[in-house]
Amino acid sequence: MKSEVFDKDGNRLTLAGDVIPDGATVRVPQMIMDAAPAGLHRPGSLPLADADRDVRQAAYEDRKRNLSDRWRHPAPAQPAADANAPQTTPPAPVAGVSDADARYVERCAALEQAWRR
């Protein structure tokens, strides 16, 4: 089926070329289908076996317990004393590097440490 063109009053137009006049409406037919072949479509829900249901319930309970108890063991605000401290100063510019590259390195270093302020 071809597309149909209608003017602003709803009258069907026959076009001499490919130009649509101002105010006209173009209607294009579309065929919409499921991605699965027709024989594979079975409406309704899929029942779970008891083992699948138990695994799913256990995973749900673990997640819920983890979220509920997270406040009891918050992540440390400070790194451990024996941990390697991150570099706090930007690396020295390399000889022959332009001023713009050096400013970019300084900006990156400042952004890496911005969360500490």
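Trainee: What makes V5, F6, D7 and L13 count as contacts of A24?

Mentor: In this predicted model, A24 touches V5, F6, D7 and L13, leaving aside residues up to four places away in sequence. A contact means heavy atoms within 4.5 Å, so these four residues have heavy atoms within that distance of A24.

Trainee: Where in the chain is A24 found?

Mentor: A24 sits in the loop between β2 (12–13) and β3. The C-alpha atoms of A24 and N11 are separated by 9.5 Å, and the two residues are 13 apart along the chain.

Trainee: Why is A24 called partly exposed?

Mentor: A24 has a relative accessible area of 23%. Buried means under 20% and exposed means over 50%, so A24, at 23%, falls in between and is partly exposed.

Trainee: And V26, why is that residue called partly exposed?

Mentor: The reasoning is alike: V26 has a relative accessible area of 40%, so with cut-offs of 20% and 50% V26 is partly exposed. V26 is found in strand β3 (residues 25–27).

Trainee: Which residues form a nonpolar patch with V26?

Mentor: L15, I20 and V28 join V26 in a nonpolar patch on the surface, and together the four have about 290 Å² of accessible area. A patch takes residues with over 30% relative accessible area, and V26 meets that with 40%.

Trainee: How do you know that E4 and R12 form a salt bridge?

Mentor: The closest N and O atoms of E4 and R12 are 3.2 Å apart. The cut-off is 4 Å, so the pair at 3.2 Å counts as a salt bridge. E4 is partly exposed at 24% relative accessibility, while R12, at 58%, is exposed.

Trainee: How many salt bridges does a search of the whole structure find?

Mentor: The search finds 5. Among them is the one between R53 and D50, with 3.5 Å from N to O. Another is between K64 and E61, where the closest N and O atoms are 3.9 Å apart. The limit is within 4 Å, so K64 and E61 at 3.9 Å still qualify.

Trainee: Where do R53 and D50 lie?

Mentor: Both lie in helix α1 (residues 50–69), 3 residues apart, about one turn of the helix. K64 and E61 are also 3 residues apart in helix α1, which separates them by about one helical turn. An α-helix has 3.6 residues a turn, so residues three or four places apart point the same way.

Trainee: Are these four residues buried, partly exposed or exposed?

Mentor: D50 has 56%, which is over 50%, so D50 is exposed. R53 is partly exposed at 43%. K64, at 39%, is partly exposed, and E61 is partly exposed at 28%.

Trainee: What puts the buried residues of α2 on the same side?

Mentor: The buried residues of α2 are A102, A109 and Q113. They cover an arc of only 35 degrees around the axis, so they are on the same side of α2. On the other side of α2, R103, Y104, R107 and L111 are exposed.

Trainee: How does the reach of α2 compare with the span expected?

Mentor: Helix α2 (residues 99–113) has 15 residues and reaches 21 Å from its first C-alpha to its last. That is close to the 21 Å expected at 1.5 Å a residue.

Trainee: Which elements does the chain have, and in what order do they run?

Mentor: The chain has 2 helices and 3 strands. From the N terminus on, they run β-β-β-α-α.

Trainee: What share of the 117 residues is buried?

Mentor: Buried residues make up 4% of the 117 residues in the chain. The chain exposes about 11,300 Å², and carbon and sulfur atoms supply 55% of that area.

Notes. Residues numbered from 1 in each chain as written. Predicted model: local features only at pLDDT ≥ 70, side-chain atom pairs only at ≥ 80, totals over all residues. Heavy atoms only, no water. Patch = residues over 30% accessible without salt bridge, like charges linked within 9 Å, V, L, I, M, F, W, Y side chains within 5 Å. Areas by Shrake-Rupley, 256 points an atom, 1.4 Å probe, with all protein chains shown as cover. Salt bridge = Lys/Arg side-chain N within 4 Å of Asp/Glu carboxyl O. Helix = DSSP H or I, 4+ residues; strand = E, 2+ residues; numbered from the N terminus. Buried < 20%, exposed > 50% of the residue type's maximum accessible area, 1.4 Å probe, protein only. Expected span 1.5 Å × (residues − 1). Arc of directions from axis to C-beta.
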